[in-house]
Amino acid sequence: MTAGSPTATGTPTPETPTPPADCADPFAHRHGRARRRAIIGCRSSKRSKIKASQSAQGSPTAAQQRTERVQAASATPEWEQRQAEAQSGSSPNLLLGALVVAAAFLAFYYHGLALRQMQDLVDGLAMPDHRFFGYGTATVEKLRSAMDSDALGQLNWTHKTAGMLFPIFAALATAVTVGMKGPRSAWRWVLYVLALAFAAVNITQNFLVDRMLKAEGSDLVAVTSTFTVLTWVLLAACTVTVVALLIAAFVKEFRRRWSDPTLQQRSC
């Protein structure tokens, strides 16, 4: 019996309405929304677990960056040079240190001992080499009258031994310091000339002092006094140059070691 067909009594039955297809489940969109929320919550939970495990074991990104910095620093020529010097047990700094120490020792011996002992032979009068601001004819005449042949011979011998070694070693120490620690500019050549000028002027001054004390009159007094003053000026300039360059190099090396990733890797 179909809908709307007459019954046995002759009365037709009412038709049952069929709901449309899109309204078959009115709560379907709510179920889909809840499912998406469940998927998103699951993914968030997985991400949280991954981050927690990374924080517990250490961040691989930071370790990788540190490894890359170490490898980049190890590939530089400076690093290879330092490694070769460490393996061979030699370093240019050893030569520089030896020259500086030798120059300082010769300065102490020549100016602090040898020339000071000469004062005992001339009634306590200072040698022309120790008169920083020069001298005149009256001072030279006093020295001539106080010095005999033995004193003149002793001063001449001092000038030819320690008086020669000291300016040579001082000039070498200054030149090597400038070559290793000096600026990479035209100032380097100026400092080279400064070191050579000190050695030349000091040695020339020694010969002039010997000739001045043996001669008579005042012909060589002005020239020798000028060379003496110039010697001390150049010596002071060389000393300041060496000390300043060594301090600057020490500060630079300290900063490099403080920020060197390879040394930080070793400490770890």
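These legends accompany a set of close-up views of one predicted model.

**Figure 1. The whole chain, an all-helix fold by count of elements, has ten helices and zero strands.**
Let us start with the overall picture before moving in. Read from one end to the other, the chain gives the pattern α-α-α-α-α-α-α-α-α-α. Of its 268 residues, 27% count as buried. The accessible surface of the chain comes to about 17900 Å², and carbon and sulfur atoms hold 62% of that area. Among contacts with a separation of 6 or more, 71% are accounted for by residues 24 or more positions apart.

**Figure 2. Helix α9 runs over residues 221–259.**
How far should the 39 residues of α9 span at 1.5 Å a residue? The expected value is 57 Å, and the end C-alpha atoms of α9 are 57 Å apart, so the model agrees with expectation. The buried residues of this helix are V221, T224, S225, T228, T231, L234, L235, C238, T241, V242 and L245. Which helices do these buried residues pack against? Their partners are α5 (137–146), α7 (162–181) and α8.

**Figure 3. A closer look at T231 in helix α9 shows its contacts with F198, V201, N202 and Q205.**
That list leaves aside the neighbours of T231 within four places in sequence. Is T231 buried or exposed? With a relative accessible area of 6%, T231 is buried, because the cut-off for that class is under 20%. One of its contacts, F198, turns up again in the ring cluster of Figure 6.

**Figure 4. L230, also in helix α9, is paired in this view with G134.**
The two residues are 96 positions apart in sequence, yet their C-alpha atoms are 9.4 Å apart in space. L230 has a relative accessibility of 38%, so it counts as partly exposed.

**Figure 5. A nonpolar patch on the surface is formed by V243, I247, F250, V251, F254 and W258.**
Together these six side chains' residues have about 680 Å² of accessible area. V251, one of the patch members, is found in helix α9. At 34% relative accessibility, V251 counts as partly exposed.

**Figure 6. Aromatic rings pair up in four places in the structure.**
In the pair made by W189 and Y192, the ring centres are 5.5 Å apart and the planes meet at 70 degrees, so the geometry is edge-to-face. Both residues belong to helix α8 (residues 187–214), where they sit three residues apart, about one turn of the helix. An α-helix has 3.6 residues a turn, so residues three or four places apart point the same way. How exposed are the two partners? W189 counts as exposed, at 60% relative accessibility, whereas Y192 is partly exposed, at 21%. Elsewhere, ring pairs link Y110, F166 and F198 into a cluster.

**Figure 7. The one salt bridge of the structure joins E141 and R144.**
The closest N and O atoms of this pair are 2.9 Å apart. Side chains of opposite charge can pair when their charged atoms come close. E141 and R144 both lie in helix α5, three residues apart, about one turn of the helix. Are the two partners buried or exposed? E141 is partly exposed, with a relative accessible area of 36%, while R144 is buried, with a value of 15%.

**Figure 8. D210 in helix α8 is in contact with L155, N156 and H159.**
As for T231, neighbours within four places in sequence are left aside in this list. At 10% relative accessibility, D210 counts as buried. The view also takes in T224, which lies 14 residues from D210 in sequence and 9.8 Å away in space, C-alpha to C-alpha. T224 is one of the buried residues of α9.

**Figure 9. D123, in the loop between α4 (92–118) and α5, has a positive phi.**
Most residues other than glycine have a negative phi. What is the value at D123? The phi of D123 is near 60 degrees. D123 is also exposed, with a relative accessible area of 72%.

Definitions and conventions:
Residues are numbered from 1 along each chain as its sequence is written. This is a predicted model: local features need pLDDT of at least 70, side-chain atom pairs count only at pLDDT 80 or more; totals for chains, interfaces and linings use all residues. Side-chain values use heavy atoms; hydrogens and water are left out. Rings of Phe, Tyr and Trp (its six-membered ring) pair if their centres lie within 6.5 Å; planes under 30 degrees apart count as stacked, over 60 as edge-to-face and the rest as tilted. Helices (H or I, at least four residues) and strands (E, at least two) are DSSP runs, numbered from the N terminus. Buried means under 20% relative accessible area, exposed over 50%, partly exposed in between (1.4 Å probe, protein chains only). Patches are made of residues with over 30% relative accessible area and no salt bridge: like charges are joined within 9 Å, nonpolar side chains (Val, Leu, Ile, Met, Phe, Trp, Tyr) within 5 Å. Accessible areas come from the Shrake-Rupley method with a 1.4 Å probe; for residues, only the protein chains shown count as cover. A salt bridge is a side-chain nitrogen of Lys or Arg within 4 Å of a carboxyl oxygen of Asp or Glu. Contact means heavy atoms within 4.5 Å. The expected span of a helix is 1.5 Å times one less than its number of residues.
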